[in-house]
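Thank you all for making time this morning. I would like to walk through one structure with you, slowly, and please stop me if anything is unclear.

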Amino acid sequence: LRRDQTLAEKAFWAIVRNRRLGGYRFLRQAPIGRYIADFVCEAGKLIVELDGPVHDDRTDQDARRTEVLELYGYTVLRLRNEQVLADPGGTMDVVLAALRSGRV
């Protein structure tokens, strides 16, 4: 999965890797239960899911996935690929605010 990242995932990872975002450590493609989360910050108990067009018709499945991941104690932040690519700085502000507040 790491070799087949979307452009948005590559852009997001370039910003958050090596504790570049507020000193928080992120993992990519991290297994949690039966799911693989796009990006996880264990310290902030935050999962960031980047959603592209394929998710437009999967709202029920994505909602169930979010519910299960929340049972593991995480907050799930869903962002659109277009948002990450069009406004990476603003997107990172949203992620950092979620980490600092402890909620989304």
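**Charged residues and cores**

Let me begin with Asp 51, which counts as buried because its relative accessibility is 6%, and a residue is called buried when that value is under 20%. Before I go on, please keep in mind that what you see on the screen is a predicted model.

Where does Asp 51 sit? Its place is in strand 3, and if we leave out residues up to four places away in sequence, Asp 51 touches Asp 62, Arg 78, Leu 79, Arg 80 and Asn 81.

Now, what does the side chain of Asp 51 do there? Side chains of opposite charge can pair when their charged atoms come close. Here Arg 78 forms a salt bridge with Asp 51, and the closest N and O atoms are 2.8 Å apart. This pair links distant parts of the chain, since Arg 78 belongs to strand 4 and Asp 51 to strand 3, with their positions 27 residues apart in the numbering. The two side chains are also joined by a polar contact of 2.8 Å.

Is Arg 78 buried or exposed? With a relative accessible area of 26%, Arg 78 is partly exposed, because that category covers values between 20% and 50%.

Arg 78 has another partner, Asp 62, and in this salt bridge the closest N and O atoms are 3.9 Å apart. Again the pair links distant parts of the chain, with Asp 62 in helix 2, residues 59-71, and Arg 78 in strand 4, 16 residues apart. Asp 62 counts as buried, at 5% relative accessibility. If we put these pieces together, Asp 51, Asp 62 and Arg 78 are linked in a network of salt bridges.

How many salt bridges are there in total? The count comes to 5, and one of them joins the side chains of Glu 67 and Arg 64, at 3.2 Å from N to O. These two residues are 3 apart in helix 2, so they are separated by about one helical turn. Glu 67 is partly exposed, with a relative accessible area of 43%, and Arg 64, at 43%, also counts as partly exposed.

Let me return to strand 3 for another acidic residue, Glu 49, whose place is in that strand. Glu 49 is buried, with a relative accessible area of 3%, and its side chain makes a polar contact of 3.3 Å with the side chain of Arg 65. Leaving aside neighbours within four places in sequence, Glu 49 is in contact with several residues, including Ile 36, Ala 37, Val 76 and Arg 78. Glu 49 and Ala 37 are 12 residues apart in sequence, yet their C-alpha atoms lie 6.7 Å apart in space.

Finally, let us turn to the nonpolar side. The largest nonpolar core has 20 residues, and the members that touch the most others are Phe 12, Phe 26, Val 48, Leu 50 and Val 95. At least two residues each come from helix 1, strand 2, strand 3, strand 4 and helix 4, and the largest share, 5 residues, comes from helix 4. Another core, of 10 residues, lies apart from this one, with Ile 32, Tyr 35, Val 68 and Tyr 74 among them.

I will stop here and take your questions.

Technical notes:
Residues are numbered from 1 along each chain as its sequence is written. This is a predicted model: local features need pLDDT of at least 70, side-chain atom pairs count only at pLDDT 80 or more; totals for chains, interfaces and linings use all residues. Side-chain values use heavy atoms; hydrogens and water are left out. A nonpolar core is a set of buried Ala, Val, Leu, Ile, Met, Phe, Trp, Tyr and Cys residues joined through side-chain atoms within 4.5 Å. Buried means under 20% relative accessible area, exposed over 50%, partly exposed in between (1.4 Å probe, protein chains only). Helices (H or I, at least four residues) and strands (E, at least two) are DSSP runs, numbered from the N terminus. A polar contact is a pair of N or O atoms within 3.5 Å; within protein, one must be able to donate a hydrogen and the other to accept it, and residues adjacent in sequence count only if both atoms are side-chain atoms. Contact means heavy atoms within 4.5 Å. A salt bridge is a side-chain nitrogen of Lys or Arg within 4 Å of a carboxyl oxygen of Asp or Glu.
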